[in-house]
Amino acid sequence: MNILRTFPVISQLEEVARNIPGWSPVDQLYTLYAMVLMTSGTDGDILELGSWCGRSSAAMGLAARLCGNTQLSCVDLFPEKDDSHQNEDGSYSMTMTIEGTVVRAYHDQTVWKEPFERDMAPLYSKHRGILEIFKEKMSQYGLDDVVSPYKGTLAAFVKTVQPKNKFRLAFIDGDHGYEAVCGDIKLTDSVLVPGGWICFDDAFTSYEGVNGAVKDLIIANPGYELGQQMTRKLFVARVGDDQFFDRPIYPLIRRERVVEADPAAR
Ligand SMILES: C[S@@+](CC[C@H](N)C(=O)[O-])C[C@H]1O[C@@H](n2cnc3c(N)ncnc32)[C@H](O)[C@@H]1O
């Protein structure tokens with residue numbers, strides 16, 4: 001008798017978190033994984049802004065592979081060693097040239113000295129840049145044909161999106177400055193299908209840029225009908241879709257019931 005053995009998703013995601021440098025904790029990886037599956041009844045692919053070495057990408061990629069007909073596009077500046085520079089206060093910012101265009105990141109909300117020097121800088125000693133690590137990790141999980149990296153800004157990526165290739169789910173985890181997140185929300189909104197979801201990392205934590213942008217452009221926006229904090233730092237919101245509200249058992253709360261952040265989550 002053939003016995004099919006699989007191993008639990010949570011164990012797979014714990015392994016992903018151990019193996020791939022990054023920031024998303026296991027509860028968030030599990031939620032992103034579930035969101036990919038949960039949205040499989042809606043047309044469209046998955047978009048990630050801010051992939052770094054591919055930790056959250058692998059979680060969503062594994063779920064996309066299970067869906068069968070879903071692709072994940074990962075947009076990131078994928079920096080190289082010399083793209084980062086230290087500011088006077090010890091924190092770090094990035095400036096690089098991609099296809100002739102100068103791109104600046106982390107100039108408003110900079111990267112703190114300690115995580116940069118402890119977690120980020122050492123990666124450049126063995127690899128030319130972050131894209132090399134990203135590709136290596138996706139291959140390890142057999143995700144080469146599901147996950148496509150795009151080195152550049154979201155603005156540049158959106159120009160490449162065909163109207164028929166829109167997205168049902170987007171995870172925003174790039175520059176955390178207010179103006180940057182507002183720009184990313186507007187661009188993401190332009191490529192989401194009706195009824196599509198946006199997930200925000202670091203919402204309602206100490207990142208005031210993310211908090212302000214989510215409040216101003218999502219919670220105050222009647223075009224987004226549902227919102228819910230899913231984990232300590234992952235907030236999700238859904239573009240309005242009237243038909244969707246006819247399903248009475250849907251578990252998320254409606255926009256008008258979104259309350260202020262839990263102070264304990266800081
Ligand atoms: C916190 S990391 C992402 C972590 C990742 N989601 C994980 O699970 O580990 C943020 C990423 O955003 C990228 N980034 C920052 N500003 C960006 C921009 N303007 N356009 C594209 N990517 C950007 C950085 O290069 C970095 O890889």
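**Entry 1: the sheet**

I began with the strands of this predicted model. I found an open sheet of three strands in the order 3-4-5, and the pairing is antiparallel. Which strands stand at the edges? They are strand 3 (84–86) and strand 5 (101–105). Each has a single partner strand, so one side of each is left without a neighbour in the sheet. I also looked up the twist. On average, neighbouring strands here are turned by 25° against each other, direction ignored.

**Entry 2: strands 4 and 5**

Next I took one pair of strands. How many bridges join strand 4 and strand 5? I noted five bridges, in the antiparallel sense, with strand 4 covering residues 92–98. I wrote down two of the facing residues. Thr95 has Arg104 in strand 5 as its bridge partner. Met94 stands opposite Ala105, also in strand 5. Then I followed the chain from strand to strand. Strand 4 and strand 5 form a hairpin, and two residues lie between them. Glu99 sits in that turn and has a positive phi of about 45°. I added a reminder for reading strands: in a regular strand the side chains alternate between the two faces of the sheet.

**Entry 3: helices 1 and 2**

I turned to a pair of helices. Two packed helices are described by the angle between their axes and the distance between the axes. I looked up both values. Helix 1 spans residues 9–19 and helix 2 spans residues 26–38; their axes come within 9 Å and cross at roughly 125°. Helix 1 and helix 2 are therefore oblique to each other. The crossing of helix 1 past helix 2 is right-handed. Which residues meet there? From helix 1 I listed Val9, Ile10, Leu13, Glu14, Val16 and Ala17. From helix 2 I listed Val26, Leu29, Tyr30 and Tyr33. By class, this contact has nine nonpolar residues, one charged residue and no polar ones.

**Entry 4: around the ligand**

Last, I checked the ligand. There are 18 residues around it. Which come nearest? I noted Gly22, Ser24, Gly50, Ser56 and Ala105. Helix 3 (55–67) and strand 2 (72–76) are the elements that give two or more residues to this shell. I sorted the shell by class as well: seven residues are nonpolar, seven are polar and four are charged. Ala105 links two of my entries, since I had already met this residue opposite Met94.

How values were computed:
Residues are numbered from 1 along each chain as its sequence is written. This is a predicted model: local features need pLDDT of at least 70, side-chain atom pairs count only at pLDDT 80 or more; totals for chains, interfaces and linings use all residues. A residue is near a molecule or strand if its C-beta atom, placed from the backbone, lies within 6 Å of it. Helices (H or I, at least four residues) and strands (E, at least two) are DSSP runs, numbered from the N terminus. Ala, Val, Leu, Ile, Met, Phe, Trp, Tyr, Cys and Pro count as nonpolar, Asp, Glu, Lys and Arg as charged, and the others, Gly among them, as polar. Axes are lines fitted to C-alpha atoms, for helices over the stretch in contact, and angles run from 0 to 180 degrees between N-to-C directions. Angles under 35 degrees count as roughly parallel, over 145 as roughly antiparallel, 65 to 115 as roughly perpendicular and the rest as oblique. A crossing is left-handed if the near helix is turned anticlockwise from the far one by less than a right angle, and right-handed if clockwise. Two residues are in contact if their C-beta atoms, placed from the backbone, lie within 7 Å. Two strands pair if DSSP finds at least two bridges between them.
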